[in-house]
Amino acid sequence: MSHTYETLPENVKQYSAQELQKLLYSAIDLNMQIKESHWTMAGREFLSVHRLFDEVAEVVEDTVDDIAERIAQLGHKPEGTLQKVAEKSSLPTYPKSFSSIDEHIEVIGQRLAFVTSQALQAMANMEENGDPISVDLLTARTREIDKLTWLVESHLPQKK
């Protein structure tokens, strides 16, 4: 842990950094899964979904950056190497092959919802532990990801 002028008690900073680090692993993994889908999809709706996934990846990448910077603000070193992410991410592995764009959309929608759920749990834990700044950061980021989840999901055929 390094020195920081952050005024939270040390135990709160430690706890929040750990919660944020778990989320960081998943968010980095999510970003890479979105890019994998973006690079490998093909089909009739390719262009619109390709552009949507570019937008989604950009928001997730900004989220990754904000989470990592908050960990550093708390006096801890964020870990984001691909080796650590592969070892520690709680996100399910991205499937190797798809037969349709709808399958890509379905999986990315599920992964976005997974990270949102993980963020909501982290927010509840940090709220209870007394770190409103980290909660506020995740509230803003989760709001954006939640909206993108809806946009991604809206590209799927309507279930009856």
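## Sorting the residues

Ala, Val, Leu, Ile, Met, Phe, Trp, Tyr, Cys and Pro count as nonpolar here, Asp, Glu, Lys and Arg as charged, and the others, Gly among them, as polar. Keep that sorting in mind, and keep in mind too that you're looking at a predicted model.

## The largest pocket

Let's start with the open space. The largest pocket holds about 230 Å³. Two elements give two or more residues to its lining: α1, which covers 10-40, and α3, which covers 82-88. Of these, α1 brings the largest share, with five residues.

Want to find the pocket on screen? Pick out D29, M32, Q33, E36 and W39, then L82, V85, A86, S89, L91, P92 and T93, and you have its lining. Sorted by class, that lining comes to seven nonpolar, three polar and two charged residues.

## The one cavity

There's closed-off space as well. The count gives one cavity of 30 Å³ or more, and the space in the largest cavity is about 60 Å³. Rolling a probe the size of a water molecule over the atoms is what shows where such empty space is left.

Four helices each supply at least two residues of the lining of the largest cavity: α1, α2, α4 and α5 (132-153). The largest share is four residues, and α5 provides it. The full set around the largest cavity is L23, A27, T63, I67, V115, T116, A119, L138, R141, T142 and I145. By class, this lining splits into seven nonpolar residues, three polar ones and one charged one.

## I67, a residue on the cavity wall

I67 is one of the residues lining the largest cavity, and its home is helix α2. Is I67 buried or exposed? Its relative accessible area is 1%, and buried means under 20%, so I67 is buried.

Skip the neighbours within four places in sequence, and I67 is in contact with L20, L23, L24, A27, L137 and L138. Among these, L23, A27 and L138 also line the largest cavity. I67 also sits 10 Å from E19, C-alpha to C-alpha, with their positions 48 residues apart in sequence.

## L52, elsewhere on α2

L52 is also part of helix α2, which runs over residues 46-73. With a relative accessibility of 8%, L52 counts as buried.

Which residues does L52 touch, leaving aside its neighbours within four places in sequence? They are L151, V152 and H155. Take H155: along the chain it is 103 residues from L52, yet their C-alpha atoms are separated by 9.8 Å.

## How α1 and α4 pack

Now for a pair of helices. Two packed helices are described by the angle between their axes and the distance between the axes. For α1 and helix α4 (residues 101-129), the angle is about 170° and the axes are 10 Å apart. Angles over 145 degrees count as roughly antiparallel, so that is how α1 and α4 lie to each other. By class, their contact has 12 nonpolar, 10 polar and three charged residues.

## S16, back on α1

One last stop is S16, in helix α1. S16 counts as buried because its relative accessibility is 0%. Not counting residues up to four places away in sequence, S16 touches L74, M126, D131 and S134.

Key. Residues are numbered from 1 along each chain as its sequence is written. This is a predicted model: local features need pLDDT of at least 70, side-chain atom pairs count only at pLDDT 80 or more; totals for chains, interfaces and linings use all residues. Side-chain values use heavy atoms; hydrogens and water are left out. On a 1 Å grid over the protein atoms alone, a cavity is a set of points where a 1.4 Å probe fits but cannot get out, and a pocket is an open set with protein on both sides within 12 Å along at least five of seven lines; lining residues have an atom within 4 Å of a point. Grid points are joined across faces, edges and corners, and a volume is the space filled by probe spheres set on the points. Buried means under 20% relative accessible area, exposed over 50%, partly exposed in between (1.4 Å probe, protein chains only). Contact means heavy atoms within 4.5 Å. Axes are lines fitted to C-alpha atoms, for helices over the stretch in contact, and angles run from 0 to 180 degrees between N-to-C directions. Angles under 35 degrees count as roughly parallel, over 145 as roughly antiparallel, 65 to 115 as roughly perpendicular and the rest as oblique.
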